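User: I am new to this protein and would like a close look at one part of it. Please keep the answer plain and connect that part to its surroundings.
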Amino acid sequence: MDAIKNPFSPGAGSPPPELVGREAILEQARILLGRIKEKRPEKSILLTGLRGVGKTVLLNEIERLAIKAGYRTVPLEAHEDKSLAALLVPPLRKLLFELDRVAGAGDKAKHGLAVLKGFMNGVKVSMGDIEIGLDIDPEKGAADSGDLESDLPNLFVAVAEAAEERHTPVALLVDELQYFNSKELSALIMAMHKMQQRQLPLVLLGAGLPILPGLAGESKSYAERLFNFSDLSALSEPDAIKALRDPTRAVGVDFEDTALEEIFRLTQGYPYFLQEWGYQSWNRASTSPITLAVVQKATEAVIQRLDQNFFRVRFDRLTPGEKRFLRAMAGLGPGAHRSSDIADALKVKINSVGPVRANLIQKGMIYSPAHGDMAFTVPLFDGFMLRAMPQL
């Protein structure tokens, strides 16, 4: 099979050849964007799900919908090493300069830049050792107190009013939201509450791990009334088969039914893994249809690639104690497990595993699907832990 024509695209955020099973969420996003544009109230959307379910892909697709609908977009990716303020200032600075250049009456964009300068002074924003420059006098008293929960809503109001004056709605798209600390998440929720109260044209579309709804609720009790939390799960078997079969049929290649059934069994329907198995199976097939034997031959290469890349990059961030916790958890079998059972496997008291468990949750490795239960945020990671650490 011609490797250049391989339709599959395994990679972080890489758009799949066939986006299936997410039509309802895309329609929800389309309605949200349309209503905000017409100054009608609507809840922002926060996508949640495990690693590999396609949150980033879907967020990118929603951004394309927003641009098509006439939005200016502000895409961000949260991570542990940079504050919310440091992430926001450069793109908001760029946005306000662009709005200031748009022909039309009013000076809201200039006002927004002055508020942004005050915000930067208040939170002392810099990128590493380089101070972000903005040659304009700050707006005194607007968003310069240094208290993020007070200043961020005022900054968003200034930005949204500038966008409203230019008849240009704004979509803020934030991936990996769970990495913001509680104060940052609280400030972001408060800012979006202000947008909804004033019906200003700035909307938040975010994505994060399954712990996100709990974090948002702990930050602000009204978060559930402000956002629609859309949980992304693995694809059903019909959708998974469609995601594999339609792209290959488009270039004159097919899968045997048994081959598709085996890929679904191995991947459990997770979109990222479907792309990996599809990609490797295509490259190992000599003729159409792609057979079960080809998939079985490809599986060894897929596992090796996942172990060396997808899983290993997460494993290497762990301390020895964290690795032992996850190995004990994996040894209990698939699914969620009680913290007490993990402690028993480690032969320690349950209260001694609390700090390690908290660190693993903060690193996005595990989450609690129910009180007292722990589960991996990365599908198939239990199998990797057994391969990486044969003995506890």
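Which residues form one aromatic cluster together with Phe 381?

Analyst: This is a predicted model, and what follows describes that model. The aromatic cluster consists of Tyr 270, Tyr 272, Phe 273, Phe 310, Phe 311, Phe 315, Phe 376, Phe 381 and Phe 384.

Begin with the ring pairs. A search of the whole structure gives twelve aromatic pairs. One of them joins Tyr 270 and Phe 273: the ring centres are 6.4 Å apart and the planes stand at 80 degrees, so the pair counts as edge-to-face. Tyr 270 and Phe 273 are both buried. Phe 376 and Phe 381 also form a pair, with 5.6 Å between the centres and 50 degrees between the planes, which is classed as tilted. Phe 376 and Phe 381 are both buried as well.

A charged group also meets the cluster. The charged end of Arg 314 sits over the ring of Phe 310, at 4.5 Å from the ring centre.

Next, the helix that holds part of the cluster. Helix α16 covers residues 381–388. Its buried residues include Phe 381 and Phe 384 of the cluster, along with Asp 382 and Met 385. Viewed down the axis of α16, the buried residues fall within an arc of 160 degrees, so they line one face of the helix. The buried residues of α16 pack against α12, against α13 (320–331) and against β10.

Just before α16 comes Leu 380, in the loop that runs from β10 (373–376) to α16. Leu 380 has a positive phi of about 70 degrees, although it is not a glycine. Most residues other than glycine have a negative phi. Leu 380 has a relative accessible area of 18%, and because the cut-off for buried is under 20%, Leu 380 counts as buried.

Some members of the cluster also belong to a wider nonpolar core. The largest nonpolar core has 74 residues, and those with the most contacts inside it are Leu 205, Phe 273, Phe 311, Phe 325, Leu 326 and Phe 381. Helix α12 gives the most to this core, with seven residues. In soluble globular proteins, nonpolar side chains tend to be buried together.

Leu 326 shows how the core connects back to the cluster. Setting aside residues up to four places away in sequence, Leu 326 touches Phe 376 and Phe 381, and also Leu 318, Leu 360, Met 365, Ile 366 and Met 385. A second core, separate from the largest one, has 53 residues, including Leu 87, Leu 116, Leu 152 and Leu 204.

The loop that leads into α12 deserves a look too. Pro 289 lies in the loop between α11 (271–284) and α12 (292–315). The peptide bond from Ser 288 to Pro 289 is cis, with omega near 5 degrees. Most peptide bonds are trans.

For contrast, here are some places outside the cluster. Leu 88 is in helix α3, residues 84–101. Leu 88 has a relative accessibility of 1% and is therefore buried. Leaving out neighbours within four places in sequence, Leu 88 is in contact with Leu 76, Leu 152, Phe 156 and Leu 172. Leu 152 is among the residues of the second core.

Thr 168 is in the loop between α5 (148–165) and β5 (170–175). With a relative accessible area of 10%, Thr 168 is buried. A polar atom of the Thr 168 side chain lies 3.0 Å from the backbone oxygen of Arg 166. Beyond its neighbours within four places in sequence, Thr 168 is in contact with Gly 70, Arg 72, Leu 99 and Ala 163.

Ile 25 belongs to helix α1. Its relative accessibility is 12%, so Ile 25 counts as buried. Ile 25 touches Leu 47, Leu 58, Ser 230 and Leu 232, not counting residues up to four places away in sequence. Ile 25 and Asp 231 are 206 residues apart in sequence, while their C-alpha atoms are 9.5 Å apart in space.

Lys 39 is in the loop from α1 (23–37) to β1 (44–48). Lys 39 has a positive phi of about 60 degrees although it is not a glycine. With 40% relative accessibility, Lys 39 counts as partly exposed.

How values were computed:
Residues numbered from 1 in each chain as written. Heavy atoms only, no water. Helix = DSSP H or I, 4+ residues; strand = E, 2+ residues; numbered from the N terminus. Buried < 20%, exposed > 50% of the residue type's maximum accessible area, 1.4 Å probe, protein only. Arc of directions from axis to C-beta. Contact = heavy atoms within 4.5 Å. Polar contact = N/O pair within 3.5 Å; in protein donor to acceptor, adjacent residues only side chain to side chain. Core = buried A, V, L, I, M, F, W, Y, C linked by side-chain atoms within 4.5 Å. Phe/Tyr/Trp six-rings, centres within 6.5 Å; stacked < 30°, edge-to-face > 60°. Lys NZ or Arg CZ within 6 Å of the ring centre and 35° of its normal.
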